[in-house]
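Trainee: I am new to this structure and would like to go through it slowly, with the reasoning spelled out at each step.
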Amino acid sequence: MNVAQLAPLAVVLPIFGAGAAFLVRRKIRQQRAITIGILAVTMLLEAGMLAATWNGETYAVHIGGWDAPFGIALMVDGFSSFMLLVSTLVSMAVLLYATSQGIADGDEQGPVSIFHPTYLILLAGVSNAFMAGDLFNLYVGFEILLTASYVLLTLGGTAERIRAGVTYVVVSVVSSVLFLTAIAMVYAATGTVNLADLAVKLPELDEGPRLILHSLLLIAFGIKAAVFPLSLWLPDSYPTAPAPVTAVFAGLLTKVGVYAIVRCETLLFPGGALNQALLVVAALTMVVGILGALAQTDFKRMLSFTLTSHIGYLIFGVAVGTELAVAATIYYVGHHIIVQTSLFMVAGLIERRAGSANVRKLGSLAKISPALTVLFFIPAINLGGIPPLSGFLGKLGLMHAAVDTGGVLNWLVIAAGLLTSLLTLLAIIRVWARVFWRRAADAEEPTESLVAEAKEVSDLTFQGGAERPQLGSTKAREVEAIALPWGMRWATASLVVAGLALTVFASQVFAFCQRIAAELVAREPYITSILTGQ
Amino acid sequence: MSVNITFLAITGVLLAAGFYLVLERTLTRVLLGIMLLGNGVNLLILTTAGRLGKAPLFESGLDPNVYADPLPQALILTAIVITFAVTAFLLAMIYRSWMLNQADVVADDTEDIKVSLSSAYDEEEDAPLAADTTEFVDEEGRPVREGEE
């Protein structure tokens, strides 16, 4: 008996939890307890799965005892369990953040909460997609998480969210239709949808049909992963959702698409027939995304654009395709999930503290909100790729792999990557200079409450003089503690620390990513373990 | 494997009509388009099963080749349920949109329009510096700049 044999529980537990949370829908405290409890158990289970696959083991779980390739198989290898653990960790932090926000806003008296059950369903879908051993199960995983995300994105049904929701739902449905078409064609060409079986049978196909199947799958996954030119829906729809929802979407949804692309490129279509095209797409994704980010005045929209922009790095790694590149991609996925989610949580905190996420209205936050300043600063420079943080390490790995491979196109994409990194830093600095550094009174559209608070703090500092220089900052911390509940701050802080842990333990994590990448590129033991049912 | 050409033609028509409708701005038409797309793809999956066969129930002694392929049917069943759920959700959303705006069209993103209309001039970064930026003053309180006495 192995922990990995319990893998189905990572999908089943959240679904049962969702049912239970829905049954007690009028009792918000019990809902919270159920959701947090289920997530904690799932996280423990996934930590166990990661430990079980740490040295490169691969396990196949055949649901209902049907042998592959006929039954549904769940695959647990290093890549799956890494993605599972990171995603559950991130969702746990966001859940605590949302809970704290809910308690602070007194949602006990509010309307019936659909948030907790839907959140659990979303996680079940994500887990299912990460473990799916066949294409159709991957489709089902996608659909579960998408349907849950439709509900979460339109929570409350305000006009703005409905507008964003329409775009999001229609784009997602079209991508699902393309995916389903691809599945139908794959089945027609090979007579199977099992990934391991496909890995054996697809190379036997003629060049033409294989290329069609390959590009169809990549387009379907590309919409989900928000790869340019299929990325424009994302900045349009994410920023309007409630802060915790945007945070968890930014962390998980696009990465499920990236996961599928990695599997598709390494397992199903090795050899990189479309690598040149992917390189071009990666460069465009990076540059167009970050140029979009620079034009924004709304912090959440700016973050959405950097999110799509940095997906380009992941596609870059996949397109280079060597073992080192895939390892760096996996490391960068982990970094990207954690950093983007923490930044969106910070955006929620800023919005709560200052009443707006529009940088034209903000200022003085470094003076009146010291904790928030630290919480923003660390993930922000991490995103910008300042050494020695994980953003830098991931990019370094990618560049290293690309330089090793060489070629004009690779060098061009490296240039695009460096430019994007620089422009990301510029975008971050602009936010820093405006929101945190300048005086609130200097803002283009000054916010009265911020101006008053900043004045109060500086007056107190002045009164304290040389004897009591702490007077002003103590006051600032007191005001901040009232405006931002401790749960929200600590939940964000925990993710920021997780991002730092990725830096501190970089050598161990990267060695693990290299083991995963070696397996992915070799496509063994994935194929044998699923087909022989070990 | 022989393929039913009628099914393929119908699939093509359904998908073409579906994509055309999805590109409309009226939400109801988009919904109809999505339903057509769903049906078109389901038909495509059915086509992959090959020619007609016996019902896929096991009978001992019968050649496996005379059975219809049951897997595409299972896939379609799942896909139909999913399309159904999404259609219901979209209908609810369209109704909500109608309640809010009395409009049945895809609205523009106001923030997007604001950004696209804004000029390249940035007050914070491009404004000319005020003339006196020095902190040093002479005895009478006039600012002292480099190269001046």
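Mentor: Before we begin, helices here are DSSP runs of H or I with at least four residues, numbered from the N terminus. Please also keep in mind that this is a predicted model.

Trainee: In which loop does A:Ser364 lie, and is this residue buried or exposed?
Mentor: A:Ser364 lies in the loop between helix 13 and helix 14 (365-368) of chain A, and its phi is near 65 degrees, a positive value in a residue other than glycine. Most residues other than glycine have a negative phi. A residue is buried if 20 or more other C-beta atoms lie within 10 Å of its own, and because A:Ser364 has 27 C-beta neighbours inside 10 Å, A:Ser364 counts as buried.

Trainee: Which residue does a cis peptide bond join to A:Phe228?
Mentor: Most peptide bonds are trans. Here, however, omega is about 0 degrees, and the residue in question has its place in the loop between helix 8 (207-225) and helix 9 (233-237) of chain A. The partner joined to A:Phe228 by this cis bond is A:Pro229.

Trainee: How are helix 16 and helix 17 of chain A oriented to each other, roughly parallel or roughly antiparallel?
Mentor: Helix 16 (residues 390-405) and helix 17 (residues 408-437) of chain A pack with their axes 9 Å apart, at an angle of about 160 degrees. Angles over 145 degrees count as roughly antiparallel, so helix 16 of chain A is, relative to helix 17 of chain A, roughly antiparallel.

Trainee: Which residues of helix 17 of chain A make the contact with helix 16 of chain A, and which of them does A:Phe316 touch?
Mentor: From helix 17 of chain A, the contact is made by A:Asn410, A:Val413, A:Ile414, A:Gly417 and A:Ser421. Leaving aside residues up to four places away in sequence, A:Phe316 touches A:Leu279, A:Ala282 and A:Leu398, and also, from that helix 17 group, A:Val413 and A:Gly417.

Trainee: Which helix gives the largest share of the largest nonpolar core?
Mentor: This core has 220 residues, and among those that touch the most other members are A:Phe316 and A:Ala282. The largest share, 20 residues, comes from residues 323-354 of chain A, that is, from helix 13.

Trainee: Which helix of chain A gives the most to the side that touches chain B?
Mentor: The contact takes 30 residues from chain A and 32 residues from chain B. On the chain A side, helix 5 (135-153) and helix 6 (159-190) each supply at least two residues. The most, 16 residues, comes from helix 6.

Definitions and conventions. Residues numbered from 1 in each chain as written. Chains lettered and ligands numbered in written order. Predicted model: local features only at pLDDT ≥ 70, side-chain atom pairs only at ≥ 80, totals over all residues. Contact = placed C-beta atoms within 7 Å. Axes fitted to C-alpha atoms, helices over the stretch in contact; angles between N-to-C directions. Parallel < 35°, antiparallel > 145°, perpendicular 65-115°, else oblique. Core = buried A, V, L, I, M, F, W, Y, C linked by C-beta atoms within 7 Å. Buried ≥ 20, exposed ≤ 12 C-beta atoms within 10 Å, placed from the backbone.
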